[in-house]
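Biologist: Hi! Could you pull up the model so we can walk through it together?

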Amino acid sequence: MNVFTEIRGQVLEALTAMQEAGELPAGLDMGNVTVEPPRDPLHGDMATNAAMVLAKPAGAKPRDIAGALAGRLAGGAMIDSAEVAGPGFINLRLAAHVWQDVTRAALMQGNDFGRSDMGQGRKVNVEYVSANPTGPLHVGHTRGAVFGDALASLLDFAGYKVTREYYINDGGAQVDVLARSVYLRYLEAHGQAVAFEDGTYPGDYLIAVGVALKTKVGDAYLDQPESVWLTEVRDFATQAMMGLIREDLKSLGVEMDIFFSEKSLYGTGLIEKALASLDEKGLIYEGVLEPPKGKTPEDWEPREQTLFRSTDHGDDVDRPVKKSDGGWTYFAPDIAYHYDKVSRGYDLLIDVFGADHGGYVKRMKAAVSALTDGRVPLDIKLTQLVKLYQNGQPFKMSKRAGTFVTLRDVVDLVGADVTRFVMLTRKNDAPLDFDLDKVREQSKDNPVFYVQYAHARICSVQRKAAEAGIAADASDLSAIAHPAEFALAAKLAEWPRLVEIAATSHEPHRVAFYLYDLASEFHGLWNKGNAEPALRFLQEDDPVASKAKLALIGAVQVVISNGIGIYGVTPVEEMR
RNA sequence: GCACCCAUAGCUCAGCUGGAUAGAGUGUCGCCCUCCGAAGGCGAAGGUCGUAGGUUCGAAUCCUACUGGGUGCGCCA
């Protein structure tokens, strides 16, 4: 049940009736007509801007339209009163039964309350994390993982068919470096002294991989040239790293549907095919790029390369797909990868990248736009840096990995649920401060706690009720009658609308802020029970009222549970 | 030099894709437990929405130019 769409339906009906009555011209675009909660609750429960957006095209004064529209709306089934206000708003007061209906609907629909068919089953591919398989995931990846996963769940909840995908960069030079680093650890496992030189990975996490390699091949690679072992060790090491990464993701509760290997693109003709497709559109040519203005690299010299005319699709300069030695640039397999995604029939692609990939956005969008002739949109979400703190002080680096704080460090310290929720309490494009102490603090400036606390309180009431042999019952909700109770129910009514807004804007953080508001509304009502016993959830001698109030808070429980469920967070029944 | 992101209360941030008197938390000050969890709640104070123009019934939101901060910029992925 989405109160907003229902009321908007009534507004549109009324407008149509006005057109039929000749009060409004035909053929008006109603797309801009909105129904929203007014910022100031004194203005009523709902407001519509219909009169103002239609005034100009209809050639009438906003307040005149508003007056006529309000007259028609006032007779509606869900509407108690409709008043014209300000420049032409129509403020609506809804009938008490609307809030009771919402409460009932939330309780009955449970896990499905707020679920939308907005996506209409369209296929979406969300690619996220996609960290190089050269080591464990670190904090930055954690944010990308949490964000991508929540966005995927949100889209699923909004009616899309979602695929979660991880792109393994196992085709480039960095996996050769990985192989050499593992080889050093392999020598070390054989008792040799080794030095990690320029660019090799010195992290401790490779020690076990070196040992494992020794167990597998014995001394077969000792004193052998790279040509003998590189390919084998690279595969072995990459697999080991992906094993590590999968475990890291699992510790966060992230499960991918597809791990797509970059290497699998090579030798299959897919890259060639993708580029041929661009070539057919006349977007591939041989040429020489201008040096970047202002900051010319010292070793700059003009080279002829194979270029993609990305400027035809909104990029600033054309981009090379081949290096001067004829090998592919990184961009080429990336084009092929997206070509593959498109050919798998997705209606929408979403890439979640770290902020350091900002420079990549335009060319990637250009590529997808060119490949699909603009048919398939690609949205790229950049997640900004995570700054770690401990007790207000910048956090010192991890002892285990030597160079960075790992995902595992964070999860071990504060837990997956807290990590996930906190990392979603900021917009993806804003930097995030993550204080390892504060996120575990149990106070209301910690949104995780505050929301969980509301859920725990509800569970506490339910335990008390159970002792008295009472359970929620939505069949008679007439006891839900106080403005404070309506306010809470009104907040519940916003949930389905919020899901759609968050999903269309690809902004899962909105869920966190909503849940905080909902929790706040609930805590407020709880406390009003101090002064007004009639507002307490359990009414001594009135089982019908108690059941109704239990239904109300049960509905709150449902929404909290659904909301944090989208975040992959489990609601708690008791604070500890 | 160019591109992208950001700028809102002392601090940390929301702001429902253009709506009414811009909201939370924190910090400061004052209140509220004979009551289902006070790990809470209520109230006060706090603002030229970076600056200057523009678009229109209406701008924190859209456009332009600046200022300040972050990120990136051909054979690294």
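Modeller: Sure, here is a walk through the fold, its sheets and helices, and a few backbone details. This is a predicted model, where local features need pLDDT of at least 70, side-chain atom pairs count only at pLDDT 80 or more, and totals for chains, interfaces and linings use all residues. Residues are numbered from 1 along each chain as its sequence is written, while chains are lettered from A and ligands numbered from 1 in the order in which they are written.

Biologist: Thanks. How many helices and strands does chain A have?

Modeller: Chain A has 17 helices and 15 strands. Helices (H or I, at least four residues) and strands (E, at least two) are DSSP runs, numbered from the N terminus. The C-alpha trace spans about 85 × 60 × 40 Å along its principal axes.

Biologist: And what share of the residues is buried?

Modeller: Of the 576 residues in chain A, 41% count as buried. Buried means 20 or more other C-beta atoms within 10 Å of the residue's own, exposed means 12 or fewer, and partly exposed is in between, with C-beta atoms placed from the backbone.

Biologist: Which domains is the chain divided into?

Modeller: Domain 1 covers 3-94, domain 2 covers 173-252 and domain 3 covers 443-566. Those bounds come from an automatic or database domain assignment. Between domain 2 and domain 3, the C-alpha centres are 53 Å apart.

Biologist: On to the sheets. What is the strand order in the open sheet of five strands?

Modeller: The order is 7-6-5-11-12, with parallel pairing. Strand 7 (258-261) and strand 12 (378-383) are at the edges with a single partner strand each, so one side of each has no neighbour in the sheet. From one strand to the next, the twist averages 25°. Two strands count as paired if DSSP finds at least two bridges between them.

Biologist: How many bridges join strand 6 to strand 7?

Modeller: Four bridges join strand 6 (residues 161-168) to strand 7, and the two run parallel. Tyr167 stands opposite Phe260 of strand 7.

Biologist: Which helix packs on strand 11 and strand 12?

Modeller: Helix 11 (residues 361-372) touches both, and its direction makes about 160° with that of strand 12. Helix 5 lies across strand 5, strand 6, strand 11 (348-354) and strand 12, at about 160° to strand 11. Axes here are lines fitted to C-alpha atoms, for helices over the stretch in contact, and angles run from 0 to 180 degrees between N-to-C directions. Contact means that the C-beta atoms of two residues, placed from the backbone, lie within 7 Å.

Biologist: How do helix 5 and helix 13 cross?

Modeller: The axes of helix 5 (residues 139-157) and helix 13 come within 9 Å and cross at roughly 80°. That makes the two helices roughly perpendicular, a label for angles of 65 to 115 degrees. Thr142, Arg143 and Val146 in helix 5 meet Thr419, Arg420 and Met423 in helix 13.

Biologist: What about the open sheet of three strands, which order does that one have?

Modeller: There the order is 14-13-15, with mixed pairing. Strand 14 (393-394) and strand 15 (432-435) are the edge strands, each pairing on one side only. Strand 13 (residues 386-390) pairs with strand 15 in the parallel sense over four bridges, and Val386 has Leu432 as its bridge partner in strand 15.

Biologist: Where is there antiparallel pairing over five bridges?

Modeller: That is strand 8 (residues 284-288) with strand 9 (residues 304-308). Glu286 has Thr306 as its bridge partner in strand 9. Strand 9 also pairs with strand 10 (residues 319-320), in the antiparallel sense over two bridges.

Biologist: Switching to helix 14, what covers its buried residues?

Modeller: The cover includes helix 13 (416-423), helix 16 (509-531) and helix 17 (543-566). Among the buried residues of helix 14 are Val448, Phe449 and Ile458. Gly469, with a positive phi near 75°, follows the helix.

Biologist: Last one: which residue has a positive phi of about 50° although it is not a glycine?

Modeller: That is Gln120, in the loop between helix 4 (96-109) and strand 5 (123-127). Gln120 is exposed, with 11 other C-beta atoms within 10 Å. Asp223 is another residue other than glycine with a positive phi, near 55°, and its loop runs between helix 7 (207-217) and helix 8 (226-252). Asp223 counts as exposed because it has 7 C-beta neighbours inside 10 Å.

Key. Parallel < 35°, antiparallel > 145°, perpendicular 65-115°, else oblique.
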